[in-house]
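Hi there,

Here is the structure I promised to pass on. Please open it alongside this email and follow along as you read.

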Amino acid sequence: MSNLNQEKSGRVSHLPEHGPIDEKNGKEILLSVKNVDITFGKGAGAVRAVKNASFDIYKGETFSLVGESGSGKTTVGRAVIRVNPCAKGEILYKGVRISGKIPHSLDREVIRNIQMVFQDPAASLNERATVDYIVSEGLYNFHLYTNEADRVRKVEEMINEVGLLPEHLTRYPHEFSGGQRQRIGLARAMVMEPELVVADEPISALDVSIRAQVLNLLKKFQVEKNVTYLFIAHDLSIVRFISDRIGVIYKGNIVEVAEADELFDFPLHPYTHSLISAIPIPDPKLEKNKVLYTYDPSMHDYSTDQPELVNIGHEHYVYGSKKEIEEYKAIREKGIPLKSINIVNPDAPQQKSESKERTDVHTASEDEFLQAPLHDTGSVWYKIISFFLPVLGLIAAAVFKHFHYYRNYTVCKKGAIAGLLVIAAIIILFVLLLILVVV
């Protein structure tokens, strides 16, 4: 039987070298999820966890799937690695169906080429096995080494690449911190030299100081080994800076898919808007006065017009009825970035109440703080210099404000005002002393 006939009959026994090419952009499609339903349970008690999910992942990119807890993110990721069966639809890898029943030889290739990094670094590691065996297990199962010396070399090189030491190989997982365990899990996946890694919230259980290190490791492997990621997360503030494209999922439905910058500039679906409005701002005053937008699914009327995931242009897919899609297209064609975050003035409570009553989720004023430059640190040195040189401090404050350096503007203004008050007090005291001397 020819490869073409095998592919048509679903009995392809090996993966091709390359996947199909997307005619729209010329990119290679590594993974394609097509109209997938995933159901748990049977009969009346069945739960439809994922509903008609569709998206493509291109080779070499980071595709992030975001949504709240219970939205179906991990369920989709586990379906990709063939743990969760698909009730409907299919998952294609390099154009070959890998969902459902497939030949044993193809199953082994899929396991080798698609690896997963789990959310809980403690639960995903065998506590009774040494780090050496944990990292080597895939090498043993697939015979990916020529001799023992080659295996040891591969394991030690991978352990070094993830920031651990060869002496750690003889230890057990309970002897490591959470961040180190996650590095072990990453080493276990990457030593297999996979083409696709499903990263299921790999940093959510880690300290903030460790998260950047793990993200840098993921990016390093992507650059060096041309790895593709399906990155599952709920924190859009992290996803924004590591993703090429983002898919938003709500209660099993993919509601929006777009490139990262496109999604943040034009969050057309109300649920996407609510996720962006919930991004925490690292400034207590601004965060306190931020107005959260809460998504209400009852705002949609799907009684007569069933919703679909539609490309509205700019490779931007949105889920909605025909009427909603037309509205989304009109908004997008204007080309004016939407404002999704609203910071209110605490001294103007009426403004806050008005903002809450708005029905148009895209007309709130965007928080300018999020667009402030990187070096807007509000350093105490600006305050000190402005205190001793208040005129210069006021000039600097005006310049900082013009270029949206809001923290620097605030400290310069405070320092300059304090300096002027001290100078004024000294002048008044000097005048009073002069009067007393003259009298």
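Below is what I found, starting with a sheet and moving on to two helices.

Please keep in mind that this is a predicted model.

**The sheet**

A good place to begin is an open sheet of eight strands, ordered β6-β7-β8-β3-β9-β10-β13-β12 and with mixed pairing. Its edges are formed by β6 (114-117) and β12 (308-311); each has a single partner strand, so one side of each lacks a neighbour in the sheet. On average, neighbouring strands are turned by 20 degrees against each other, direction ignored.

For a look at one pairing, go to β10 (residues 253-259) and β13 (residues 317-320): these strands run antiparallel and are joined by two bridges. There you will see V257 opposite Y317 in β13.

Two helices can be placed against this sheet. Helix α6 lies across β6 and β7 (196-200), and its direction is at about 180 degrees to that of β6. Helix α7 packs on the sheet as well, where it touches β3 and β8, and its direction makes about 160 degrees with that of β8.

**Helix α7**

This helix covers residues 208-225, 18 in number, and spans 26 Å from its first C-alpha to its last, close to the 26 Å expected at 1.5 Å a residue. Which of its residues are buried? They are V214, L215, L217, L218, F221 and Q222. Viewed down the axis of α7, these buried residues fall within an arc of 150 degrees, so they line one face of the helix. A general point helps here: an α-helix has 3.6 residues a turn, so residues three or four places apart point the same way.

What covers that buried side? The cover includes β3 (62-66), α5 (148-161), α6 (178-190), β8 (228-233) and α8 (236-242). On the face turned away from it, α7 carries the exposed residues S209, N216, V223 and E224. After the helix comes N226, which has a positive phi, near 55 degrees.

**Helix α16**

Last stop: residues 406-438 make up α16, a helix of 33 residues that reaches 48 Å from first C-alpha to last, close to the 48 Å expected at 1.5 Å a residue. Its buried residues are N408, Y409, V411, C412, G415, A416 and G419. What do they pack against? Their partners are α14 (380-388) and α15 (390-402).

Happy browsing, and do write back with any questions.

Best wishes

Terms used. Residues are numbered from 1 along each chain as its sequence is written. This is a predicted model: local features need pLDDT of at least 70, side-chain atom pairs count only at pLDDT 80 or more; totals for chains, interfaces and linings use all residues. Side-chain values use heavy atoms; hydrogens and water are left out. Helices (H or I, at least four residues) and strands (E, at least two) are DSSP runs, numbered from the N terminus. The expected span of a helix is 1.5 Å times one less than its number of residues. Buried means under 20% relative accessible area, exposed over 50%, partly exposed in between (1.4 Å probe, protein chains only). The arc is that of the directions from the helix axis to the C-beta atoms. Contact means heavy atoms within 4.5 Å. Two strands pair if DSSP finds at least two bridges between them. Axes are lines fitted to C-alpha atoms, for helices over the stretch in contact, and angles run from 0 to 180 degrees between N-to-C directions.
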